[in-house]
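Trainee: I should like to learn how to read a structural model feature by feature. Could we proceed from the backbone to the packing of side chains?

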Amino acid sequence: MTVSQEVFANGDRQKPHKSGAFKTAKLAQRIIMITIGASMMSVALEIFLVPNSLIDGGITGISIMLSHIFNIPLGILLTLLNLPFLVVGYKQIGKTFALSTLYAVILMSIGTQLLHPVKPITVEPLLAAVFGGVILGVGVGLVVRYGGSLDGTEIVAILVAKKLPFSVGEVVMFFNLFILSGAGFVFGWNNAMFSLIAYYIAFKMIDVTLEGLDQSKSVWIISDKFRDIGEALTERLGRGVTYLEGEGGFSGDNKKVIFVVITRLEEAKLKSIVEDWDSDAFVAIGNIHDVKGGRFKKKSIH
């Protein structure tokens, strides 16, 4: 197989036309699923975890501890602490991701405020950790699957991993172990251990919801509009692509195969870009445990 690295030049290419009904339906689907995910996160926090002095990892965990220490409403802290990461997310991943995340975070914050007076379903820490972790994990997974995020830790991890010899997953794990350890000083070590159980269960449920949680993903795309799709990925995702020479097994026709490596937060946007140009394109996405070296660096996006 011959591999040819193509150099792209920005051209005046028009985005393929999609009907208004199609775009409206896709937007409605995104809004509905993100709404469900953010609502599930609110339920997990206020009905299971927070009343039992349990926390999640990331910015959410920090917000829960600060809310307990300074008696500040959790919803306010969730919004304020996530705002700086929305700016970073806008610059690194794009406007769609930032707006989806902003909507999800605001909805989650409002949900926690509305549910705060509601009595918890259980006061047994283990049950709260298990069921809270399940609901939280599915909720976060839905939001990420449809192009948003509920926590800024992952965005920070992507940036830190570029400068340190660690994978994004390792950086996230370090952050969360540090945060969960802090729960031992705030809520006691028994609650910290139950919080670790909730975090592990949530992590696994996100994995199930996304059908693969690895931070980096390899993508193979086969389409007659390979150049349009390749340039769109470079311009809108900031990812360099490689064109591979291929041959159809049945037809014997020569084919161009696009190969690109992305983060899982970019998966929803990549699918949208490909569908805009060729809804019949063949797209295969695989999980990668780690990416080092080469040209896996993000360029400026438009």
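Mentor: Certainly. Please keep in mind that this is a predicted model. Let us begin with the backbone of Ser53, which is located in the loop between helix H1 (20-49) and helix H2 (58-70).

Trainee: What is the phi of Ser53?

Mentor: Phi of Ser53 is positive, about 60°, although Ser53 is not a glycine. The residue is partly exposed, at a relative accessible area of 24%. A second case is Asn71, again not a glycine, with a positive phi near 55°. Asn71 sits in the loop between H2 and helix H3 (74-92) and counts as exposed because its relative accessibility of 70% lies over 50%.

Trainee: Is Asn52, in the loop between H1 and H2, buried or exposed?

Mentor: Asn52 is buried, since its relative accessibility is 8% and the cut-off is under 20%. Beyond residues up to four places away in sequence, Asn52 touches Thr122, Val123, Glu124, Pro125, Ala128 and Asn191. Its C-alpha atom is also 9.7 Å from that of Phe194, a residue 142 positions away along the chain.

Trainee: How should one approach the nonpolar interior?

Mentor: The general idea is that in soluble globular proteins nonpolar side chains tend to be buried together. In this model, the largest nonpolar core has 46 residues, and those that touch the most other members are Met41, Leu45, Ile55, Met108, Leu136, Val140 and Leu150.

Trainee: Which elements give two or more residues to this core?

Mentor: They are H1, H2, H3, helix H4 (95-115), helix H5 (125-145), helix H6 (153-163), helix H7 (168-187) and helix H8 (189-210). H1 supplies the largest share, 9 residues. There is also a second, separate core of 17 residues, with Leu237, Val241, Ile258 and Leu270 among them.

Trainee: What is Leu150 in contact with, leaving aside neighbours within four places in sequence?

Mentor: Its contacts are Gly37, Ala38, Met41, Thr60, Asn82, Ala104, Val105, Met108, Gly139, Val140 and Val143.

Trainee: How does one describe a pair of packed helices?

Mentor: One gives the angle between their axes and the distance between the axes. For H3 and H4, the axes come within 9 Å and cross at roughly 175°. H3 is therefore roughly antiparallel to H4, as the angle is over 145 degrees.

Trainee: Which residues of H3 and H4 meet?

Mentor: From H3, the participants include Leu74, Leu78, Asn82, Leu86 and Tyr90, and from H4 they include Phe97, Thr101, Val105, Met108 and Thr112. By class, this contact has 10 nonpolar, 8 polar and 1 charged residues.

Trainee: How many aromatic pairs does the structure hold?

Mentor: There are 5. In one of them, Phe174 and Phe175 have their ring centres 6.3 Å apart and their planes at 50°, a tilted arrangement. Phe174 is exposed at 58% relative accessibility, whereas Phe175 is partly exposed at 24%.

Trainee: Why is the pair of Phe185 and Trp189 edge-to-face?

Mentor: The planes of Phe185 and Trp189 lie at 70°, with the ring centres 5.0 Å apart, so the pair is edge-to-face; the cut-off for that class is over 60 degrees. Phe185 is exposed, with a relative accessible area of 70%, and Trp189 is partly exposed at 48%.

How values were computed
Residues numbered from 1 in each chain as written. Predicted model: local features only at pLDDT ≥ 70, side-chain atom pairs only at ≥ 80, totals over all residues. Heavy atoms only, no water. Helix = DSSP H or I, 4+ residues; strand = E, 2+ residues; numbered from the N terminus. Buried < 20%, exposed > 50% of the residue type's maximum accessible area, 1.4 Å probe, protein only. Core = buried A, V, L, I, M, F, W, Y, C linked by side-chain atoms within 4.5 Å. Contact = heavy atoms within 4.5 Å. Phe/Tyr/Trp six-rings, centres within 6.5 Å; stacked < 30°, edge-to-face > 60°. Axes fitted to C-alpha atoms, helices over the stretch in contact; angles between N-to-C directions. Parallel < 35°, antiparallel > 145°, perpendicular 65-115°, else oblique. Nonpolar A, V, L, I, M, F, W, Y, C, P; charged D, E, K, R; others polar.
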